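Got your viewer open and both hands free? Here is a short tour, one selection at a time.

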Amino acid sequence: MPAPDASPANARAAAGGDDELVRLDDLKVHFPLTKGTIIQRRVATVQAVDGISFALKRGGTLGLVGESGCGKSTTGLAILRMLEPTAGRIVFEGEDITFHDKERMRPIRRRMQMVYQDPYGSLNPRMKVRDIIGEPLAVHGVAANAQTYRERVAQLIRLVGLLPDMAERYPHEFSGGQRQRIGIARALALEPSLVICDEPVSALDVSIQAQVVNLFMELQERLGLTYIFIAHNLAVVRHICDRIAVMYLGRIVEIASRAELYKSPLHPYTEALLAAIPVADPEVEARRVRPIVKGEVGSALAPPSGCRFHPRCPKAMEKCKTVAPALTDLGAGRAVACHLHATA
Amino acid sequence: MAPPLLQVRNLTTRFNSERGRLTAVDQVSFDVREGETVAIVGESGSGKSVTALSVMRLIPSPPGRIEAGEVLFEGKDLLKLDDAAMRAIRGNRVAMIFQEPMSSLNPALSVGLQVAEPVNLHRGSPWAKAYAAARELLGRVRIPDAARRLASFPHQYSGGMRQRVMIAMALACQPRLIIADEPTTALDVTVQAQILDLIKELTRETGSSLLLITHDLGVVARYADRVAVMYGGRIVETAPARVLYKEPRHPYTLGLMASVPRLDGEVGRRLVPIEGQPPDLAELPLGCAFSPRCRIASEPCRSARPPLMEFAPQHWKACFNDARA
C-alpha cells in the first residue's frame, strides 16, 4: 500500500508488482432529494450504492449484474468519477482516486473508458465517424499532427472490424451493431487499461449481440484489457465474465467466479435471476424447476429493512426482516450476503 | 378436426416511406388452433409486429396498407369487415397486449375505468357492474388489494403492475385469441418471468389461444407449442417448438440458435455470430433475403425466392438447400 502522500506516478510504480487494477472499499453513492429552490432542505436520500467492495485483477472481467435500481450503472459511473462518491474508497492502479478533483482525474480518465448501452443516443449525429473516434485524441492532445491523427483513427476503425473508408460517414448511416463498434473504437482510442461497458449489447438484435460479445473478447486477448461488464442478462455475462457480482438495491448479495456462480448459486436472488432466464431449448425448459420470486424491486429511496431482498425472498426467515446480512467471505474468492450461509 | 381458430393466408402489408414502398410483411401464412400458443420470432424489421398489427387491423394508414391476403378468424375474413364490425371483435373476441404498458394506458383515467371499459362496451354491462368485473379481473392478474387500487392511475403502478393491468383489460371479455407483442421487453428480468407465467396460466385456464410475438428464443422455448421464424418480412421456417429446436433446418434459424448465449452448455464457448447486418427492407435482394448472410447460399438463392415448403410433417422451410447443424 503506497503512503498517502505518494505522488500518483510513485503510487503506480508501488502497485506495479501487484496485478490489482481496481478496488472498491465500502463505496457509497447517495443522492440527496431536496425541496425548495433557494433554501434547499434535504427531504430524503436515494441510497443508489450502499457499501460495496470488490477487487478486480488486470486482464480480468467482472460482471455487475442486477435489475433496475440495483446500482450497477451508478457503480460504473462512480469509478469513472462521473458521479461523486459519498463514502468509501476507489483505488485505481494503486492510487486512491476517491476524492481527486477534475485536474487530478484528467490523466487518470485516459486510462479508464466507458462503452454505453444506447448506440443511437451516445454518438453525436452531427460528427463524422472520424471525429467521433478521434475526439479523445484531440481532447487529450495525443495526436502530434493531422497525419498521425488520421492514421490512429484508421487503425482503430480496423481494430473493431469496420472499413477505413467509413471514417467519412455520419452515425445515421450505420446499423446498431456498427454504431456500437464505433463506440468501442472511441473508448479504445487512448489505450485505456480499464473499459467499463454499461449494457453494451442489450439494445442490439440477437444475431448482432454475438458479434459484439466476440469483439469484446478478441480485443481483451489482443490488448490485455480489463472489463467491468454491467448487464442484467446472466446468460450474456456467462460468456464474457470470469467473475460476477450480483447486486440488489445498492448492495452486492453474492460475488463468485463464473464456474461457481452458475453451478451452485447461493443467494436466493441469484437463484431467482438464473431461473427467470429461459434456456433456448423446450426440453430443458420442460424439466426445469424454477423458483419464481414474487413482487418487484423495491425503492432505493426507502429500501426494505434487514436484508433488502426479504420481501421477495421465498426463503426469508424472521431474522431477515431486521438484521442486514453482511457479505461473508466463504473462501476461494466467493462471498455471499445471506443469513442462510452465514458461517459465524 | 375443427378448422383452426385463426388462419392467416398470404398476408401482405406495405408501407410508403421516403425510400419507396417497403414490403414489411410478404405473403405470410400461418394458423393458430384452439388453445394453442404460437410464437412468431424474429429480429427488428423482420415483420413480426406488423403481422400482429395486421391481424388486428391496427396498421396506421397512411403510410401502411394491407394489400393482400386473408385473416380468417372463426371462419370470417377480418380484412373484409367494415370498421364497426371490426371494433366489435377487437378487444372482445381478439385482444392484444402491447409492449409498452405506460404508453398504451390512458394516463388521465383511473385503472378501474380502463379495465371496465371493454366490459361496458362489448358486453353492454352497466358501469357499476363493469366496475365490479374490473375488480375481479385485477384480482385474477394478482394485483394485491385490487378493490382499493381500482381508483389509482397508471403512474401510481409499477411497470410490472401496469402490464398486469393490460392483461386484465385483454382478458375482460374472455377473448378466444390473445395477441401479445413483446409483452415483457420493457420489464425487469424476474418480472418478465412472472408476467409470462401469468399470461400462460390464464390462457390455459380460459382455453384461449395465444399468439406471442418475441425476439427471444428462450421465451419461445419456454412457452410456445409452435413457432414461426420470420426474416425480412417472410416466414422462413415453422414447426412444432420441440422439432424446431431439435432439428432447425433453415440457415437463419440455425444461425440464431448458435449465436444466442445460453445458461447451460460449455462455459467459455465462443458464440457463433451471424455475419453481416439485418436486412434493409428498402434494399432487399432479389432472391432469398437471408442469402447475403448465409454460409451455404448458392446461385439459385440469389436469383429466386425459395417458397415455404412442407418437407417433413408439420415442418416447413423456405430454403433451397439442405442446412443441418
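Start where the two chains meet: 37 residues of chain A are in contact with 38 residues of chain B. Keep in mind that this is a predicted model.

Now colour the side of chain A that touches chain B. The elements giving two or more residues to it are helices H7 (206-223), H8 (234-240), H9 (258-263), H10 (268-276) and H11 (282-287) of chain A. Pick out H7(A) in particular, since the largest share of that side, 6 residues, comes from it. Colour by class next, and you'll get 21 nonpolar, 8 polar and 8 charged residues on the side of chain A that touches chain B.

Stay in chain A, but move to its sheet. Four strands make up an open sheet here, in the order E2-E1-E4-E5 (chain A), with antiparallel pairing. At the edges you'll find E2 (41-57) and E5 (95-96) of chain A, each of which pairs on one side only. Next, select helix H2 (residues 72-79) of chain A, which packs on the sheet and touches E1, E2 and strand E4 (87-92) of chain A. Look along E2(A): the direction of H2(A) makes about 75° with that of E2(A).

Then zoom in on E1 (residues 20-35) of chain A, which pairs with E2(A) in the antiparallel sense over 13 bridges. For a handy landmark, label A:Val29, which stands opposite A:Val49 in E2(A).

Time to cross over to chain B. Select strand E9 (residues 226-231): 6 of its 6 residues are buried, so E9(B) is largely enclosed by the rest of the structure. Turn on the side chains and you'll see B:Arg226, B:Ala228 and B:Met230 pointing one way, with B:Val227, B:Val229 and B:Tyr231 pointing the other way.

Which strands pair with E9(B)? One is strand E3 (residues 37-41) of chain B, in the parallel sense over 4 bridges; there, B:Val38 has B:Arg226 as its bridge partner. Another is strand E10 (residues 234-240) of chain B, in the antiparallel sense over 6 bridges, where B:Ala228 is partnered with B:Thr238. Follow the hairpin of E9(B) and E10(B) around: it has 2 residues between the strands, and B:Gly232 takes a positive phi near 55°.

Last stop, the largest nonpolar core, with 191 residues. Which residues have the most contacts inside it? Select A:Phe229, B:Val115, B:Ala168, B:Val220 and B:Val227. Finish on B:Ala168: leaving out residues up to four places away in sequence, B:Ala168 touches B:Val115, B:Leu137, B:Leu138, B:Arg140 and B:Val141.

Terms used: Residues are numbered from 1 along each chain as its sequence is written. Chains are lettered from A and ligands numbered from 1 in the order in which they are written. This is a predicted model: local features need pLDDT of at least 70, side-chain atom pairs count only at pLDDT 80 or more; totals for chains, interfaces and linings use all residues. Two strands pair if DSSP finds at least two bridges between them. Two residues are in contact if their C-beta atoms, placed from the backbone, lie within 7 Å. Axes are lines fitted to C-alpha atoms, for helices over the stretch in contact, and angles run from 0 to 180 degrees between N-to-C directions. A nonpolar core is a set of buried Ala, Val, Leu, Ile, Met, Phe, Trp, Tyr and Cys residues joined through C-beta atoms within 7 Å. A residue is buried if 20 or more other C-beta atoms lie within 10 Å of its own, exposed if 12 or fewer, and partly exposed in between; C-beta atoms are placed from the backbone. Ala, Val, Leu, Ile, Met, Phe, Trp, Tyr, Cys and Pro count as nonpolar, Asp, Glu, Lys and Arg as charged, and the others, Gly among them, as polar.
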